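Q: Please take a close look at one part of this structure, a single connecting segment, and then set it in the context of the packing elsewhere. A connected account would be preferred to a list.

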Amino acid sequence: MSEHLWRTHPLAWKASGSFFEWKKKKLFYKISGEGEAILLLHGFPTSSWDWKDVWEGLSKKYKLFTFDYLGFGFSEKPKEGHYSIFEYADQAEYFLQEQGVKSVHLLAHDLGDTVAQELLARYREKLSGQRIGGPEIKSVFFLNGGIFPETHRPRAVQKLLNGPLGFLFSRLVNKTSFQKSFSEIFGPTTKPNKEELDGFWECVSNGGGKAIYHKLIRYMRERKSFRERWVGSILDSPVPFAFADGLVDPVSGKHVVERLKELRPNATVYEFQNIGHYPQTEAPDQVLKSYLNFRTIV
């Protein structure tokens, strides 16, 4: 299947992947390339299709693994599903184990950053003898995300979804309102076009996604409850990590970079001027260049 087709149509992306079963639920996954393994972890509220613009470039040098968490993209979206960072990390570990991957690099974005932090916390426990199993993590590369809950600036729609009436608000979300609010977190000159917006909505709404929208955002509460575990995993990281950030992102932009530099002055940081919350689609060439540079120092 041509790269152009699945870069513009998520259903073509779906056709280029497959499904694995986790706790009797089907989760979508996609694998490409040869070389060292990279697990790409997507964000909220979208899917693995977020990686479409860097996929081909990365797969020329590495073996790529990605999947849609339960409740996202083309994975099943049960109304009574348990949606949690810990569950997504369990799904990631199971997926890698099923594929025979014992050593992996992580590339994460948004919600995926927190999943990566949990996987890193587990790896720290494994190194200290507190945990058995799980992959060896070689490095972590974070893109825009709430790695520090105190710097996370949720949008109005996120606050409403996360509130006590979130289940009602989720019913009011439609294609028009989603696309308007979604576009606002991109850079001023790198907004998604109509075709991309239609694709992102397809990933969010597919399979009854609207019905669980308010449940998927509960990770924001978890970030606060488990701050010490997840922030600690990077401030005392046992592996090399980097943070790459679109600085004009209103949710997790320049202010997150400043906080990271404050807490860990020697951190490796890549800054993207005039880029918003989705650098992998807004500035894929910059992301590829930064990631390849990071891997030369790992």
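A: Helices, of at least four residues, and strands, of at least two, are DSSP runs numbered from the N terminus. The model described here is predicted. In these terms, Pro 45 is located in the loop between E3 and H3. The peptide bond that joins Phe 44 to Pro 45 is cis, with omega at about 5 degrees. As a general background, most peptide bonds are trans.

The residue on the other side of this bond also takes part in aromatic packing. The count of aromatic pairs comes to 34. One of them is formed by Phe 44 and Phe 72, whose ring centres are 6.4 Å apart and whose planes stand at 80 degrees, an edge-to-face arrangement. This pair links distant parts of the chain: Phe 44 belongs to the loop between strand E3 (37-41) and helix H3 (52-59), whereas Phe 72 belongs to the loop between strand E4 (63-67) and helix H4 (85-98), 28 residues apart. Phe 44 and Phe 72 are both buried.

A second pair can be set beside this one. The ring centres of Phe 200 and Tyr 278 are 5.9 Å apart and the planes meet at 55 degrees, so this pair is classed as tilted. Because Phe 200 lies in helix H9 (residues 194-205) and Tyr 278 in the loop between strand E8 (268-272) and helix H14 (279-282), the pair ties together parts that are 78 residues apart in sequence. Phe 200 has a relative accessible area of 0% and is therefore buried. Tyr 278 is likewise buried, with a relative accessible area of 0%.

To return to the loop, Phe 44 and Phe 72 belong to one aromatic cluster, whose members also include Phe 20, Tyr 29, Phe 65, Phe 67, Tyr 69 and Tyr 219. From helix H4 (85-98), the cluster takes in Tyr 88, Tyr 94 and Phe 95. Glu 93 is found in H4 as well. With a relative accessibility of 18%, Glu 93 counts as buried, because the limit is under 20%. Beyond its neighbours within four places in sequence, Glu 93 is in contact with Leu 119, Arg 122, Gly 134 and Pro 135.

On the other side of the loop, strand E3 spans 37-41. Leu 39 and Leu 41 touch the most other members of the largest nonpolar core, which has 91 residues. Apart from residues up to four places away in sequence, Leu 39 touches Phe 65, Thr 66, Phe 67, Ala 92, Phe 95, Leu 96, Val 104, His 105, Leu 106 and Leu 107. Phe 65, Phe 67 and Phe 95 are also among the members of the aromatic cluster.

The loop leads to H3, which is largely enclosed by the rest of the structure, because six of its eight residues are buried. These buried residues are Lys 52, Asp 53, Val 54, Trp 55, Leu 58 and Ser 59. The charged end of Lys 52 sits over the ring of Trp 49, at 4.9 Å from the ring centre. A further lysine, Lys 30, lies over the face of Trp 13, 5.0 Å from the centre of that ring.

Phe 200, introduced above, also has a part in helix packing. Helix H8 (residues 175-183) and H9 pack with their axes 10 Å apart and at an angle of about 115 degrees. Their crossing is right-handed. On the H8 side, Lys 175, Phe 178, Gln 179, Phe 182 and Ser 183 meet Leu 197, Asp 198, Phe 200, Trp 201 and Val 204 of H9.

Two other loops deserve a brief remark on backbone geometry. Lys 23, in the loop between strand E1 (18-22) and strand E2 (25-32), has a positive phi of about 50 degrees although it is not a glycine. At 58% relative accessibility, Lys 23 counts as exposed. Asn 274, in the loop between E8 and H14, has a positive phi near 60 degrees. With a relative accessible area of 48%, Asn 274 is partly exposed.

Technical notes: Residues numbered from 1 in each chain as written. Predicted model: local features only at pLDDT ≥ 70, side-chain atom pairs only at ≥ 80, totals over all residues. Heavy atoms only, no water. Phe/Tyr/Trp six-rings, centres within 6.5 Å; stacked < 30°, edge-to-face > 60°. Buried < 20%, exposed > 50% of the residue type's maximum accessible area, 1.4 Å probe, protein only. Lys NZ or Arg CZ within 6 Å of the ring centre and 35° of its normal. Contact = heavy atoms within 4.5 Å. Core = buried A, V, L, I, M, F, W, Y, C linked by side-chain atoms within 4.5 Å. Axes fitted to C-alpha atoms, helices over the stretch in contact; angles between N-to-C directions. Left-handed = near helix turned anticlockwise from the far one by under 90°.
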